[in-house]
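Here is a short report on a protein model, written to be read with the structure open beside you. Take a moment to turn the model around, and then follow the text through its open and enclosed spaces.

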Amino acid sequence: MLFHTISVVGLGYIGLPTAAVFASRKKKVIGVDVNQNVVDTINLGGIHIVEPDLDMIVHAAVTEGYLRATTQAEPADAFLIAVPTPFKGDHEPDLSYIASATEAIAPVLKKGNLVILESTSPVGATEQMAGWLAAARPDLSFPQTHGENSDIRLAHCPERVLPGHVLRELVQNDRVIGGMTAKCSEAAVELYKVFVKGECVTTTARTAEMCKLTENSFRDVNIAFANELSIICDKLDINVWELIRLANRHPRVNILQPGPGVGGHCIAVDPWFIVSSIPEKAELIRTARNVNDGKPRWVEDKVKTAVAEFLQENPEKTALDVTIACFGLAFKPDIDDLRESPALAISLKIAAAHPGCVLAVEPNIRALPVTLVGNNLVLKDADQALAESDVLVLLVDHKEFNSIPVAALGERKIVDTRGVWSF
Ligand code: SAJ
């Protein structure tokens, strides 16, 4: 099967880099997105997300004519669906974006097409998508009814790239390819081999779905272990960072790092897809989610205690006189992504509850997003924040904070959620 034209539906954090990488291999790529601004930005050679080097490769792909964006699906040889799969209020997966993408491509599908679901999905979503497509196009045959002889091939190939390293990991990582039939997998391997240098390992669609959920749940459970340890150690007056360093000297122990909670759009979401599929059996996975989701509240309480201690030691002052500085707002180190960030959520909670000044230090942004302006949160650089504050809250281990000498912190009260200043 030859793929000349590839359509990528959903031009976000995964879809846009994937589209650009195909285009960089001289494939004709049609990017589809419902957002007209996103489409216009890309067609001008720009990008609407932050990811190292992506601007250059999108600009080259558009100016050389290999990548074009549109709001309307067009015929292609292969379709990759990379739309969000959030959860609803009750932690049930929300497949409405996949349903819309399916609706958009159904009219332009033709015999011989390959459709790939890349979005992280609950087990069974690929079969569900196949059902929607079959209902929309009774003139075409699909693998769930026609097996290897189907007109359309379908597979789930979950993305597994790490934000901040997307372009490298897209090419280098192994890829799990879950075809609805062996021929579906074969076609998908051929497509990904256009740019993937890692191994393309084939399996079923359901196993591929579960594999992606398992990877992120594994990490979530392990971070929950570290977070729980940090709370226990705080009660026992033991330095958890030293403890973890020591325990990790054991050849079969590798504990992750505690923090202010788990952020981002994947690890805090995907385990719920397992929980919602078999709620009565997913006890550990659910508990891990709850442990990680509870950590921001614990940090907020630690900050309240630090302020109370400061006031006890400085009885001439009131809470209004106390300045708190929050170091880091992003959801993880050395990126500027504030979405789903526990550090940002904690800073906003502190700003709402504290009557005095609350400063935020985030070296990766120039200004607070407009949605945050008006909160009792003022962006400062690290030196200013150090000079002006009484309580320091370390929320993200950005490299800039690692280089602040502990001596510069003086006698200030410190709540260090990342172990940067607590050796
Ligand atoms: N975190 C800790 N302690 C740690 C490691 C991480 O508190 O020891 C926190 C981070 O600060 C952050 C959150 O966890 O708030 C998630 O960060 P991350 O770096 O673990 O993961 P993501 O969300 O950036 O990307 C993950 C990756 N999955 C795995 O490593 C198993 C990535 O490969 C996936 O492609 C991505 O989810 C995704 O899109 O699903």
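Helix α9, spanning residues 205-236, gives the most to the lining of the second largest pocket, contributing 5 residues. This is a predicted model, so please read what follows with that in mind. The pocket has a volume of about 820 Å³. Of its 31 lining residues, those closest to the centre are L162, R219, I223, I267 and K332. Both domains take part: at least three lining residues come from domain 1 (5-198), and at least three from domain 2 (217-416).

One of those central residues, L162, is worth a visit. You will find L162 in the loop that runs between β6 (153-156) and α7 (166-172). Is L162 buried or exposed, or something in between? Its relative accessible area is 37%, and partly exposed covers the range between under 20% for buried and over 50% for exposed; L162 is therefore partly exposed. Leaving aside residues up to four places away in sequence, L162 touches E169 and K332. K332 is also among the residues closest to the centre of the second largest pocket.

E169 leads on to another space, as this residue also helps to line the largest cavity. How many cavities of 30 Å³ or more does a search of the whole structure find? The search gives 1. The largest cavity has a volume of about 50 Å³, and its lining consists of P158, E159, R160, V161, E169, L170, N173, D174 and R175.

The table sets out the two linings by residue class.

| Space | Nonpolar | Polar | Charged |
|---|---|---|---|
| Second largest pocket | 13 residues | 9 residues | 9 residues |
| Largest cavity | 3 residues | 1 residue | 5 residues |

Now step back to the whole chain. Its secondary structure amounts to 15 helices and 13 strands. Along the principal axes, the C-alpha atoms fill a box of roughly 80 × 50 × 40 Å. How does the radius of gyration fit the chain length? For 423 residues, a compact globule would have a value near 22 Å, and the protein chain has 24 Å, which agrees.

Two further values describe the interior and the contacts. Of the 423 residues, 51% count as buried. Among contacts between residues at least 6 apart in sequence, 70% join residues at least 24 apart.

Key:
Residues numbered from 1 in each chain as written. Predicted model: local features only at pLDDT ≥ 70, side-chain atom pairs only at ≥ 80, totals over all residues. Heavy atoms only, no water. 1 Å grid on protein atoms, 1.4 Å probe; cavity = no way out; pocket = protein on both sides within 12 Å on 5 of 7 lines; lining within 4 Å. Points joined across faces, edges and corners; volume = space filled by probe spheres on them. Helix = DSSP H or I, 4+ residues; strand = E, 2+ residues; numbered from the N terminus. Nonpolar A, V, L, I, M, F, W, Y, C, P; charged D, E, K, R; others polar. Domains from an automatic or database assignment. Rg over C-alpha atoms; globule rule 2.2 N^0.38 Å. Buried < 20%, exposed > 50% of the residue type's maximum accessible area, 1.4 Å probe, protein only. Contact = heavy atoms within 4.5 Å.
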